[in-house]
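The exercises below concern strand pairing and sheet architecture, and each is followed by a worked solution. Please look through the model before reading on.

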Amino acid sequence: MDNNIAIELKKVYFSYAEVPVLEGIDMIVKEKDFISIIGPNGGGKTTILKIILGLLEPDKGTVCIFGNPPKKVRKCLGYLPQHILFDFDFPITVQEVVLMGRLGKRSIGSRYTKNDMNICLHALEKVGMHTHKDKDLGKLSGGQRQRVFIARALSTEPRILLLDEPVSSVDTQWQQTFYELLNELNKEITIVLVTHDISVVSTYIDKIACVNKKLYYHGSKKEGMHKVAEMYECPVQLITHTSPDDPAKGSNK
Amino acid sequence: MIELLHFEFIRNALFAAVLVSIACGIVGAFIVIKKIVFISGGITHAAFGGIGLGYLLNINPVLTALPFSLLSALAIGILSKKTKISEDSAIGILWSVGMALGILFISLSPGYAPDLFSYLFGSILTVPISDIMIMLILDIIIIITVLFLFKELHALSFDEEFSMIVGIPTHTLYLILLCLVALSIVVLIRVVGIILVIALLTIPATIAKQFTTKLKKMIALSILIAVILTITGLYLSYIFNLPSGATIVLVLAIVFMISTITRKFLIQKI
């Protein structure tokens, strides 16, 4: 069953100006996997995502997305970048940002259709930002902006969703909702989530890959935790998210 | 003021002011939001090579400036994206090479270079009807291109990386944007001159950006601001017998300062 492989990295090496960042990464992500790439800062997590997206070319090794080179099948990837640098005065509304996800679905110069509008509104509803659709992006809070960018990634209707630190600036309340949303999406699509903070590796995630230049572990979450400790060179505790009907949480209210 | 309109050169100057405002309103908005002011400055100065070539070949320098600025726009775009040369350095090199070529061509051309000054500092009162026709055609090209590619150029200016991932040809679009900058520079050269072009490309759009958060409104507003202020500058230069290009730029700068201070004051009050 080779045809259900979503992402395959074979002996991937990468360096920024002679400084090695990735050394011989072998990784297979199957369709409908929910995998979290974890590792310390500067360990090469974001670089792996950028290689999967075809934004960076590996020095050595091959990358295949559904058996094709990344640039060919990029349109089926949804991406949430870690940092989006923009000027707060930039003239753009929430809806215009989310519609960017629909740009590649048509020939250049043609207008957005009703269908595009509906898909965007639906994506905004999923992240709870639909009431802000006509607001200026620069006037939102950091967490709200991140939710808008998540909606933008969803509006591409991706087969693989690549998220780089998706919950770094949203409140814990919303993190819970977010992981439930991902879990729902995971029934249809593959999700790759990058984080340096292993305490957010949620109970919903079924596989982890530990990266610090090299791939330390790649497989199911439970057996991997001691490997994580080895990589970070300190004991690590996995904090699981409580479910909403957790009695402990209910009594707090 | 009405009796001034009986003079053909005044009517031409008003036409030129409107055409210039359309170009700098549309393209200036993208220059400001994409933050390519310095690149535009580089293309402007590289266009001087084309002006010099016009003198050497004894043809209208506006016509030779056109291919020169287009080629330098493409060169800056390609050098900075496809090679390891930084965009900053590519701009610096083309900026000075273009100027050097211009000086060389002019020194090689026979006799004295008449009205060279007007290409450097602008002279809206002496724009001939033939140049106005060229400006009109370039304006039409700019308007059609931006109408057709509006949302792509908007997305490119906001987030180039994401635009690339969703599958739009960002490299080509970026080159098209730089070519639009080159066209607008040629429209502007006659009116404010090479040295002052960058003022018209940045100041009206920057003022407009302070008062709206919608790109379409920003473009409309910068065209309006440019029309009013270039005509005001033109009028003042006529009354006080001052150089028109420099007067227009200073009028723009004064209004920019007033609008920035008032906006700050208004925001603090709220």
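**Exercise 1.** Which residue of β6(A) stands opposite Y79(A)? Describe the pairing around it.

Residues are numbered from 1 along each chain as its sequence is written, and chains are lettered from A in the order in which they are written. This is a predicted model, in which local features need pLDDT of at least 70.

Step 1: opposite Y79(A), in β6(A), stands L162(A).
Step 2: β5(A) and β6(A), the latter covering residues 160–164, are paired in the parallel sense over four bridges; two strands count as paired if DSSP finds at least two bridges between them, and strands are DSSP runs of E with at least two residues, numbered from the N terminus.

**Exercise 2.** Place these strands in their sheet.

Step 1: the open sheet has six strands in the order β5-β6-β7-β3-β8-β9 (chain A), with mixed pairing.
Step 2: β5 (77–80) and β9 (214–220) of chain A each have a single partner strand and stand at the edges, so one side of each lacks a neighbour in the sheet.
Step 3: from one strand to the next the twist averages 15°, with axes fitted to C-alpha atoms and angles running from 0 to 180 degrees between N-to-C directions.

**Exercise 3.** Describe how β1(A) is paired.

Step 1: β1 (residues 5–16) and β2 (residues 19–30) of chain A run antiparallel and are joined by eight bridges, with V29(A) as the bridge partner of I7(A).
Step 2: two residues lie between the strands of this hairpin, where A17(A) takes a positive phi near 45°.
Step 3: β1(A) also pairs with β4(A) (residues 60–65), in the antiparallel sense over five bridges, and there L9(A) stands opposite V63(A).

Definitions and conventions: Predicted model: local features only at pLDDT ≥ 70, side-chain atom pairs only at ≥ 80, totals over all residues. Heavy atoms only, no water.
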